[in-house]
Amino acid sequence: MRSKVTEQEWKDVLSSRFWELKDEQTKTFAPFFLSYYDLSPRERRCFSYCSVFPKDFEFWRVHLIEMWMSQGYLSGSQNPEEEGEKCFQILTMRSFFQDFGVGFDGRIVSYKMHDILHDFAQFLTRNECSTMRVQVDMQKRERPSVEKIRHSWLSLAPNFPKIPTLVFDQGNLRSLFIDCASDTSLGDENMVFFHQNFRYLKHLRTLRFRSSKITKVPEQIGQLMHLRYLIMYESMYVQELVDEVCDLCNLQTLMIQGCSRLQRLPEGMGKLVNLRHLYMRGCYALVGFPKGIGRLTQLRTLDTMVIPKKNEAAYFLSVGDLKKLNRLRFQRYDFEISKCCNLINRSESELMYWECLVGLVLDFGGIDEKEEIRDEEDEFGILEALQPHPNLRYLRITKYKGTNLYPKWMMGLDRLTGLQIIDCKQCESLHPLGRLLPSLEELEIDGLDKVEKIGDEFLGLGVEQAEAVSFPKLKVLLFYNMRDWEDWEGTAGTSLQLGVMPCLKLLRIENCGNLKSLPPYLKLTPLHTLCINACRMISQSLQNSEEEFTKISHIPRIIIDGEESIKIRVEHQRQ
């Protein structure tokens, strides 16, 4: 109703024929019919498509838009992704979606549909969409009518032996989603079945496998000439992607995520001239990307990049090659560079030209144990070379092997709101992050085994900075798995004079067994929640020391080892 601005428009709603519906089911949907027919034809198709997913399914905004594209709902536009965003926003504004999940940049990344709206969508598409949980032998049951089915979702129960043959009777099928309850649901015996029947799915535009046990994509997939959207998600046994995938000349989206044993991509990837979105996150066994990817000039999305080993670098895509892909946009996701330790040509590795890059993951893991471990200068030189644009909002550094973790470019990240430092085992100290990163809102430190002490240097404040504020916007502070961390210091005098973490809401400390005490300045922060887990020494100190407990007595919610610590408060009150 928010779009109705005149009295006549409101009267038209009141006199709508939908209020006169006789059938009980359609009468229930009367208010939704009003909203539905107020949408444009494109928006109606996009909403109706969501009926193929099961109830309570979590949609990801960008992937749903890519599915809409694959079905041709956004055709006729020079920028279908932008049209999809507009459509998504309209459906969101009209409350067709709910339970929004928000990304690090504040944008909605996922959502769900209310059950009654899902029922309404299925009512609209009752002859076109099918959602089926396969638990028994479907061959022995009465076969449903499949002549008009366009979109089908199959949820396979564990240990289910066969995909029902009725799937391949749906000659006009446009979308097929196969969701496995476990890796026992879909194995190679079913893929043989696919080999024999793929030719019946010749109109398929969208194909999604999840958690399947297949070891190889069938060669017959190259026959699906209309396929525009292909997902293999968490298929951990797949070791290679067949060359026939490169025959899918209309393919727009290829997602091979969580396939941890995948070792190679086909050399002919450059033939996928219409590919716009390529997702390869979680494919840890990949040795590199084919050079042909550098020729995909339509590519908008690339979520990861693998740096090949020195002796193989000439055969694979380099970071410098990505400069040719001038349509790449990174606003929708964080970009991961894995196996950074293999980087050779540092002059081509600078990321400064990617002004639109908002999230960056630098993963230095990937050296084989038999190989020589890099020295500190070599490791730090690579980190210095991977300089991002100052617009960066989120940064994660993992498995870095040097001792100096803070390159010069870090002090220029004035807009950075999230920082994660994970499994950097050789790092011995934390630099003055409180002063270097004025916009930081979330900070996670995990697995820095050699850090023994965190002091005032962490805050980045000195005597000459009387008016300065340390971590002026920090809301969440997390410490995990700090094996040798014993002391967290900070003088109360400094804290009274200077501002320290004036926005802090959550502090979580886990598996830091040697930490003895908390800093005095915590009692001056507006902390709302303190979580301490598997930290034996500090837990005992809070129970036995009045001085230690005073530092946290103002915090409304204290959770120690999974339990609300009301008992500690009572004991100290008695004392």
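These legends accompany close-up views of a predicted model.

**View 1. Eight strands build a parallel open sheet.**
The strand order is E4-E5-E6-E7-E8-E9-E10-E11. The pairing is parallel. Strand E4 (129-134) and strand E11 (301-302) form the edges. Each of these two strands pairs on one side only. At the E11 edge, strand E10 (residues 277-279) is joined to E11 by two bridges. E10 and E11 run parallel. Here Leu278 faces Leu302 of E11.

**View 2. Strand E8 is largely enclosed by the rest of the structure.**
E8 spans residues 229-233. Four of its five residues are buried, so the strand is largely enclosed. E8 pairs with strand E7 (residues 206-210) over five bridges, in the parallel sense. With strand E9 (residues 253-257), E8 also pairs in the parallel sense, over five bridges. Tyr233 shows both pairings. Arg210 stands opposite Tyr233 of E8. In E9, Gln257 is the bridge partner of Tyr233.

**View 3. Helix H5 lies across strands of the parallel sheet.**
H5 covers residues 61-70. The strands it crosses are E6 (175-180), E7, E8, E9 and E10. The helix runs at about 135° to E10.

**View 4. Helices H4 and H6 pack roughly perpendicular to each other.**
H4 comprises residues 41-49, and H6 comprises residues 80-93. Their axes are 10 Å apart. The packing angle is about 75°. Because angles of 65 to 115 degrees count as roughly perpendicular, the pair falls in that class. From H4, the contact is made by Arg42, Glu43, Cys46 and Phe47. From H6, it is made by Glu83, Cys87, Ile90 and Leu91.

**View 5. Eleven strands form a mixed open sheet.**
The order is E12-E13-E14-E15-E16-E17-E20-E23-E24-E25-E26. The pairing is mixed. Strand E12 (304-306) and strand E26 (563-564) are the edge strands. Each pairs on one side only. At the E26 edge, strand E25 (residues 557-560) pairs with E26 in the antiparallel sense. Two bridges make this pairing. Ile560 stands opposite Glu563 of E26.

**View 6. Glu336 is a buried residue in strand E13.**
E13 spans residues 334-338. Glu336 has 8% relative accessibility, so it counts as buried. Its side chain makes a polar contact with the side chain of Arg281, at 3.1 Å. Beyond residues up to four places away in sequence, Glu336 touches Arg281, Asp303, Thr304, Met305, Val361 and Asp363.

**View 7. Lys339 and Met501 each have a positive phi without being glycine.**
For Lys339, phi is about 60°. Lys339 sits in the loop between E13 and strand E14 (359-363). It is buried, with a relative accessible area of 17%. For Met501, phi is about 50°. Met501 lies in the loop between strand E22 (499-500) and strand E23 (506-510). Met501 is buried, with a relative accessible area of 0%.

**View 8. Met482 is a buried loop residue.**
The loop runs between strand E20 (476-480) and strand E21 (487-488). Met482 has a relative accessible area of 0%. Beyond residues up to four places away in sequence, it touches Ile445, Gly447, Leu448, Val451, Asn511 and Cys512. Met482 and Asn511 are 29 residues apart along the chain. Their C-alpha atoms are separated by 6.9 Å.

**View 9. Cysteines without a disulfide.**
A search of the whole structure finds zero disulfides. For Cys535, the closest cysteine sulfur is in Cys512. The distance between the two sulfurs is 4.8 Å. A disulfide needs sulfur atoms within 2.5 Å, so this pair is too far apart for a bond. Cys535 is buried, with a relative accessible area of 1%. Cys503 is partly exposed, with a relative accessible area of 30%.

Terms used. Residues are numbered from 1 along each chain as its sequence is written. This is a predicted model: local features need pLDDT of at least 70, side-chain atom pairs count only at pLDDT 80 or more; totals for chains, interfaces and linings use all residues. Side-chain values use heavy atoms; hydrogens and water are left out. Buried means under 20% relative accessible area, exposed over 50%, partly exposed in between (1.4 Å probe, protein chains only). Two strands pair if DSSP finds at least two bridges between them. A polar contact is a pair of N or O atoms within 3.5 Å; within protein, one must be able to donate a hydrogen and the other to accept it, and residues adjacent in sequence count only if both atoms are side-chain atoms. Contact means heavy atoms within 4.5 Å. Axes are lines fitted to C-alpha atoms, for helices over the stretch in contact, and angles run from 0 to 180 degrees between N-to-C directions. Angles under 35 degrees count as roughly parallel, over 145 as roughly antiparallel, 65 to 115 as roughly perpendicular and the rest as oblique.
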